[in-house]
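Welcome to a short tour of one protein model. Have a look at the structure below, and then follow the headings at your own pace.

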Amino acid sequence: MAFWVQLTLLVAVLFPAYVESMVRHYNFTVVTKHTTKLCSSKPIVTMNGQFPGPTLYAREGDNVLVRVTNHVQYNITIHWHGVRQLRTGWADGPAYITQCPIQPGQNYLYNFTLTGQRGTLLWHAHISWQRATVHGAIVILPKKGVPYPFPKPDKEKIIILGDWWKADTEAVINQALQTGLAPNLSDAHIINGNPGPVSNCSSDHAYTLHVKSGTTYLLRIINTALNDELFFKIAGHNLTVVEVDASYTKPLSTDTVFLGPGQTTNVLLTADKGVGKYLIAVSPFMDTVVAVDNLTAIGFLRYKDTVPFSPLTLTPIPPINATSVTSTFSRSLRSLNSKRYPATVPLTVDHSLFFTVGVGIDPCSTCANGSKSVGAINNVSFIMPTTALLQAHYHNISGVFTTDFPATPPIPFNYTGNPPSNLQTNNGTKLYKLAYNSTVELIIQGNAIIAPESHPTHLHGFNFFEIARGVGNYDPQKDPKKYNLVDPVERNTISVPTAGWSAIRFRADNPGIWFFHCHLEVHTSWGLKMAFLVDNGKGPNESILPPPKDLPKC
């Protein structure tokens, strides 16, 4: 036995390309750090004292072990956004869905394997609004010896976009939930933690991307903002999209990248312009009457040998309501669909679901106006349990949830037209049940109750294919004729158009309980969420693993 262990280690050292995977160990410690931005200081919750947090590096096939230790006053969980978590739902992270929170002074070991995935994802806190400052990048490199399916870049850079509040974000959402009103807007947008100079505070640092002429860079762009979809532009430079949400795409040349919260986009940037300084602009998108933080984050691309005080090359930013830009970008994305990376779109459908998503108004005797804003899917506003759903499912604990989530709206209406007279929602902890390996087509229909709005919607535990999108009401007779079943974009988060719809398909090949929700944190807080329960299949390889011994208790 000892001989074979020694031989395995020798092979790993001499021929690393033949070693399929390894175990990656990380220690993440949640701590408070005092931070000053926008000429205002406050303590923030961070991971390892860093903002943004540390990058998790691994390769496809690696087993990742992350011990998270909580040293702050708040409960915490960490979600590995976009990681499939095949049979390891206990490591997915959403509070009270797959685990109870890690309480102050406690720790938990997240244990998962990166099966069949490579590219850029993100990790973030998944409880209340802690995601505002507790987030970071996940970089999954291809297996050793496997090249990128695009020209190899000379260097790689991580660019994390976000939003910033001068106030404590926990106080912001708590006040909103108590009053029933919309939460206060963020005060700025940020690039790698920096807003750049703003009108009332010139001392803030700006992110600078240092480049060398003739060099090609892979930019791994991540939107971690709580509530804003964002545009990303670099003056004078085109970008080539090669991947979204850790799924390779056909190359797409563009001067503007559009990302909803939770989405990632890898682009190639070639430093082929004159030596100098170029503006990087990150601005919000909102094409409806909903208020939004309209401040543009500013950064700089700076060529090597640029002399001090060189003039800045500017770029026009898209209008805040540039629907055509977002639509063109989203519709142009296509899966690579190569022999090595095929687009495995389900061609038959076992479950045809129609979810209408939006906000409503419910009575609230303790709220400011006697009512409160709520989010709902098929008129069900989700009630968070006090026992984790996956724990209740695994141990057959009754009374925690039901499996009667409606497959279609209980009362059909003109979803993008005049709203119904009764805006009140139903409440419940309702799940939709799927057999293992069944196929799902889901129409996500935005509605105009209160106000139409784009909804960046995230499905845990799966990738899906967006086979079509459109504006207005989905037409079940005409719109299926538009389906792309050959090379649709593969994602884990999709921005459903304002007063429009998105059609997605996926295969339920991952047993467990998987959260489905709007990734605008305000809407998640209001109840715009639900979960799928995927049954075990046949045998242990199609069944969820037993819970770890250190799984946090509620």
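## Before we start

A residue counts as buried when its relative accessible area is under 20%, as exposed when that area is over 50%, and as partly exposed in between. Phe-532, at 1% relative accessibility, is therefore a buried residue. Please keep in mind that this is a predicted model.

## Pockets on the model

Let us begin with open spaces. Rolling a probe the size of a water molecule over the atoms shows where empty space is left. The largest pocket holds about 620 Å³ of space, and 26 residues line it. Nearest its centre are Leu-177, Met-384, Thr-524, Ser-525 and Lys-529. Two helices and two strands each give at least two residues to this lining: helix 2 (169–179), helix 5 (521–526), strand 22 (371–377) and strand 23 (380–382). Sorted by class, the lining has 12 nonpolar, 10 polar and 4 charged residues.

The second largest pocket has about 530 Å³ of space. Its lining is made of 25 residues, and those nearest the centre are Pro-342, Thr-344, Asn-463, Phe-465 and Glu-490. Strand 15 (247–254) and strand 31 (500–508) are the elements that give two or more residues to this lining, and strand 31 has the largest share, with 3 residues. Here the classes come to 11 nonpolar, 7 polar and 7 charged residues.

## Enclosed cavities

Some space is closed off inside the protein. How many cavities of 30 Å³ or more are there? The count is 4, and the largest cavity has a volume of about 70 Å³.

Residues lining the largest cavity include Phe-258, Gln-263, Phe-329, Glu-466, Arg-469 and Arg-491. Helix 3 (323–332), strand 28 (464–471), strand 29 (489–491) and strand 30 (493–496) each supply at least two residues of this lining. By class, the lining of the largest cavity divides into 5 nonpolar, 3 polar and 3 charged residues.

## Aromatic rings

Next come the rings. A pair of aromatic rings is described by the distance of the centres and the angle of the planes. The structure has 30 aromatic pairs. In one of them, Phe-231 and Phe-258 have ring centres 5.7 Å apart and planes at 45°, so this pair is tilted. Phe-231 belongs to strand 13 (residues 229–234) and Phe-258 to strand 16 (residues 257–259), so the pair ties together parts that are 27 residues apart in sequence. Both partners are buried: Phe-231 has a relative accessibility of 0%, and Phe-258 has 4%. Phe-258 also appears in the lining of the largest cavity.

Phe-506 and Phe-532 make an edge-to-face pair, with 6.0 Å from centre to centre and 70° between the planes. Since Phe-506 lies in strand 31 and Phe-532 in strand 33 (residues 529–534), the pair ties together parts that are 26 residues apart in sequence. Phe-506 is buried at 2% relative accessibility. These two rings also belong to one aromatic cluster, together with Phe-355, Phe-405, Tyr-432, Phe-462, Trp-514 and Phe-516.

## Charges over rings

Rings can have charged partners as well. The charged end of Lys-42 sits over the ring of Trp-164, 4.6 Å from the ring centre. Lys-277 lies over the face of Phe-300, at 4.4 Å from the centre of that ring.

## A closer look at Asp-187

Is Asp-187 buried, partly exposed or exposed? With a relative accessible area of 33%, Asp-187 is partly exposed. Asp-187 sits in the loop between helix 2 and strand 10 (188–191). Beyond its neighbours within four places in sequence, its contacts include Leu-38, Trp-164, Ala-167 and Asp-293. Asp-187 and Ala-167 are 20 residues apart in sequence, and their C-alpha atoms are 8.9 Å apart in space.

## Backbone details

Most residues other than glycine have a negative phi, and most peptide bonds are trans. Leu-38, though not a glycine, has a positive phi near 55°. Leu-38 is in the loop between strand 1 (23–37) and strand 2, and it is buried at 6% relative accessibility. Asn-396 has a positive phi of about 55° too. Asn-396 lies in the loop between helix 4 (389–394) and strand 24 (426–428) and is exposed, at 68% relative accessibility.

Finally, Phe-51 and Pro-52 are joined by a cis peptide bond with an omega of about -5°. Pro-52 is in the loop between strand 2 (40–47) and strand 3 (56–59).

Definitions and conventions: Residues numbered from 1 in each chain as written. Predicted model: local features only at pLDDT ≥ 70, side-chain atom pairs only at ≥ 80, totals over all residues. Heavy atoms only, no water. 1 Å grid on protein atoms, 1.4 Å probe; cavity = no way out; pocket = protein on both sides within 12 Å on 5 of 7 lines; lining within 4 Å. Points joined across faces, edges and corners; volume = space filled by probe spheres on them. Helix = DSSP H or I, 4+ residues; strand = E, 2+ residues; numbered from the N terminus. Nonpolar A, V, L, I, M, F, W, Y, C, P; charged D, E, K, R; others polar. Phe/Tyr/Trp six-rings, centres within 6.5 Å; stacked < 30°, edge-to-face > 60°. Buried < 20%, exposed > 50% of the residue type's maximum accessible area, 1.4 Å probe, protein only. Lys NZ or Arg CZ within 6 Å of the ring centre and 35° of its normal. Contact = heavy atoms within 4.5 Å.
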